[in-house]
Amino acid sequence: LDTAAARARILVARATAAERLRSTPWRLNAHVAGAWLRSPVGAPANGATAGLDRALERGGITMRGYDRVLRLAWTLSDLDGTSRPDADHVGRALYLRKAAR
């Protein structure tokens with residue numbers, strides 16, 4: 001992926017997020033409130049958070065970290081051009097979150 005292609009992909013993902021969030025006060029996934037991310041309208045696909053839920057229950061991640069993983073999962077979903085994060089997006093986001101620590 002060259003720089004121009006990466007830029008184009010990012011611009012499409014940002015436009016997708018802005019469109020999805022048009023009726024909210026946010027335009028970027030990074031700014032979305034945790035409560036919205038956990039609401040029916042903002043939650044990932046059914047069952048997609050099972051691994052993330054286990055990490056939270058075991059104390060491997062805080063609620064703040066949970067919300068950060070969901071924000072990143074939405075970004076990965078937008079980059080992939082899907083309508084809602086699935087278990088793969090959430091899993092990748094959780095992996096990236098843990099790797100960054």
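Which helix does Arg 71 lie in? Select residues 63–80 and you have the answer on screen: this is helix α4, and Arg 71 is part of it. Keep in mind as you go that the model is predicted.

**Stop one: the whole chain.** Zoom out and show the protein chain as a cartoon. You should find 5 helices and 0 strands, so described by the element order α-α-α-α-α from the N terminus on. Turn the view along the principal axes, and the C-alpha atoms fill a box of roughly 40 × 30 × 20 Å. The radius of gyration is 13 Å, which agrees with the value near 13 Å for a compact globule because the chain has 101 residues.

**Stop two: surface and contacts.** Switch on the surface next. The accessible area of the protein chain is about 6200 Å², with 55% of that belonging to carbon and sulfur atoms. Of the 101 residues, 35% are buried. For contacts between residues at least 6 apart in sequence, 54% join residues at least 24 apart.

**Stop three: charges.** Colour the charged side chains by sign. There are 17 positive and 9 negative charges in the protein chain, and their mean positions lie 7 Å apart.

**Stop four: back to Arg 71.** Select Arg 71 and show its side chain. Is Arg 71 buried or exposed? Arg 71 is buried, yet has no salt bridge. Add Asp 67 to the selection: this is the nearest side chain of opposite charge, 4.9 Å away, whereas a salt bridge needs a distance within 4 Å.

Finally, select Asn 29, Ala 30, Val 32, Ala 33, Gly 34 and Leu 37. Arg 71 is in contact with these residues, leaving aside its neighbours within four places in sequence.

How values were computed:
Residues numbered from 1 in each chain as written. Predicted model: local features only at pLDDT ≥ 70, side-chain atom pairs only at ≥ 80, totals over all residues. Heavy atoms only, no water. Helix = DSSP H or I, 4+ residues; strand = E, 2+ residues; numbered from the N terminus. Buried < 20%, exposed > 50% of the residue type's maximum accessible area, 1.4 Å probe, protein only. Lys, Arg positive; Asp, Glu negative; His and termini not counted. Contact = heavy atoms within 4.5 Å. Rg over C-alpha atoms; globule rule 2.2 N^0.38 Å. Areas by Shrake-Rupley, 256 points an atom, 1.4 Å probe, with all protein chains shown as cover. Charge placed at Lys NZ, Arg CZ, Asp CG, Glu CD.
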